[in-house]
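Let's take a stroll through this structure together. Have the viewer open and pick out each spot as we get there.

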Amino acid sequence: MRDIRIQNDRMRFRRNLERMGEIMAYEISKSFEYVSEVIETPLTSSSALNPIEQPVIISVMRASLPFYHGFLNYFDQADSGFIGAFRDESEPGEITVQLGYHASPSVEGRTIILADPMLATGKSLVESIQSILSYGTPKHIHIASVIAAPEGIEYLSKNISCSYSLWLGAIDDKLNHQSYIVPGLGDAGDLAFGPKL
C-alpha cells in the first residue's frame with residue numbers, strides 16, 4: 001500500500017484498503033462473544049457458533065469507505081453509520097477537525113467498530129467518538145486504523161474516556177510539521193478517489 005507504483009492504480013489501492021478491513025474484521029471478531037445454535041444441513045442437524053450481537057460499523061469518510069467495506073464483507077448483517085470529518089487548516093500552525101455529517105443508528109449498549117485508515121493527530125477520531133456518544137453510550141468501541149502515528153495514539157489515550165480498543169496495522173515513526181504520518185502512505189482519500197478541491 002505504501003509503494004507509489006502500486007498507489008498509481010486507484011482500484012488496487014482501494015482493494016488493498018478493503019483487504020485490510022477484512023483482516024482487521026477477522027481479528028476483531030475473535031474478541032466477540034458467541035453462542036452455539038442448532039442449524040439444519042442438507043443431511044442432519046449440526047451446531048454453529050454465531051455472534052451474540054452484530055456490531056455497528058461506523059466509517060469516517062471519505063478515506064475510510066473502502067476500509068469500511070472490508071469490515072462489512074465480514075459483518076454483513078451489521079448496522080452502519082457514517083461520519084464526515086475533515087481537517088480545517090485555515091489557521092496557520094493549528095489543525096482542527098470539522099464534522100460535516102453524521103448518520104448513525106442507536107449505539108446504546110452496542111459494540112462499535114470505528115473505521116478510519118489513518119490515525120495521525122487523533123483529533124478526527126476523538127471528535128467522531130464525541131459525536132457517536134451523542135447518540136448513546138456504546139458497550140465498547142473498537143478503533144481500527146491501517147497506519148498510526150505515536151502522537152495520535154497518545155492523543156487518544158488522553159482524550160477518550162469510554163471503553164475502547166485500538167487495532168492498528170502499523171505504528172509509524174512520527175508526524176511531520178504538517179501533521180502527516182512519516183513514512184505513512186500519503187492521503188488515503190486522494191489515493192482512493194482522486195484529489196479534492
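How many residues line the largest pocket, and which of them lie nearest its centre? The count is 31, and the ones nearest the centre are Ala63, Arg87, Met118, Asp187 and Lys196. Keep in mind that you're looking at a predicted model. The space in this largest pocket comes to about 750 Å³.

So where does that lining come from? Five elements each put in at least two residues: strand 3 (56-61), strand 4 (79-88), strand 7 (118-119), helix 4 (123-133) and helix 6 (188-193). Strand 4 has the largest share, with four residues of the lining. As for chemistry, the lining of the largest pocket splits into 16 nonpolar, eight polar and seven charged residues.

Next, turn to the second largest pocket, with a volume of about 180 Å³. To find it, colour Ser31, Phe32 and Glu33, then the run Ile52, Glu53, Gln54 and Pro55, and finally Thr111, Lys139, His140 and His142; these are its lining residues. By class, that lining has three nonpolar, five polar and three charged residues.

Now for how the helices pack. Helix 4, which you've already met as a supplier of lining residues for the largest pocket, packs with helix 5 (residues 150-159) at an angle of about 30°, and the two axes are 9 Å apart. Angles under 35 degrees count as roughly parallel, so helix 4 is roughly parallel to helix 5. Their crossing is right-handed. On the helix 4 side the contact uses Lys123, Leu125 and Val126, while helix 5 brings Tyr155, Leu156 and Asn159. Sorted by class, this contact has four nonpolar, one polar and one charged residues.

The other pair to look at is helix 2 (residues 10-29) with helix 3 (residues 65-74). Here the axes come within 6 Å and cross at roughly 45°, which makes helix 2 oblique to helix 3. This crossing is right-handed. Helix 2 contributes Arg14, Leu17, Glu18, Met20, Gly21, Glu22, Met24, Ala25, Tyr26 and Ile28, and they meet Pro66, Phe67, His69, Gly70, Phe71, Asn73 and Tyr74 of helix 3. Split by class, the residues of this contact are ten nonpolar, four polar and three charged.

Finally, zoom in on the backbone, where a few spots deserve a look. Just ahead of helix 3, in the loop that joins strand 3 to helix 3, you'll find Arg62. The peptide bond leading from Met61 into Arg62 is cis, with omega near 10°. Notice that strand 3 is one of the elements that help line the largest pocket.

There's another cis bond to find, from Val182 to Pro183, and its omega is near 5°. Pro183 sits in the loop between strand 11 (181-182) and helix 6, and helix 6 is again among the suppliers of the largest pocket's lining.

One last stop: what sign does phi have at Ser179? Phi is positive there, about 65°, although Ser179 is not a glycine. To locate Ser179, look in the loop between strand 10 (174-175) and strand 11.

How values were computed: Residues are numbered from 1 along each chain as its sequence is written. This is a predicted model: local features need pLDDT of at least 70, side-chain atom pairs count only at pLDDT 80 or more; totals for chains, interfaces and linings use all residues. Side-chain values use heavy atoms; hydrogens and water are left out. On a 1 Å grid over the protein atoms alone, a cavity is a set of points where a 1.4 Å probe fits but cannot get out, and a pocket is an open set with protein on both sides within 12 Å along at least five of seven lines; lining residues have an atom within 4 Å of a point. Grid points are joined across faces, edges and corners, and a volume is the space filled by probe spheres set on the points. Ala, Val, Leu, Ile, Met, Phe, Trp, Tyr, Cys and Pro count as nonpolar, Asp, Glu, Lys and Arg as charged, and the others, Gly among them, as polar. Axes are lines fitted to C-alpha atoms, for helices over the stretch in contact, and angles run from 0 to 180 degrees between N-to-C directions. Angles under 35 degrees count as roughly parallel, over 145 as roughly antiparallel, 65 to 115 as roughly perpendicular and the rest as oblique. A crossing is left-handed if the near helix is turned anticlockwise from the far one by less than a right angle, and right-handed if clockwise. Contact means heavy atoms within 4.5 Å.
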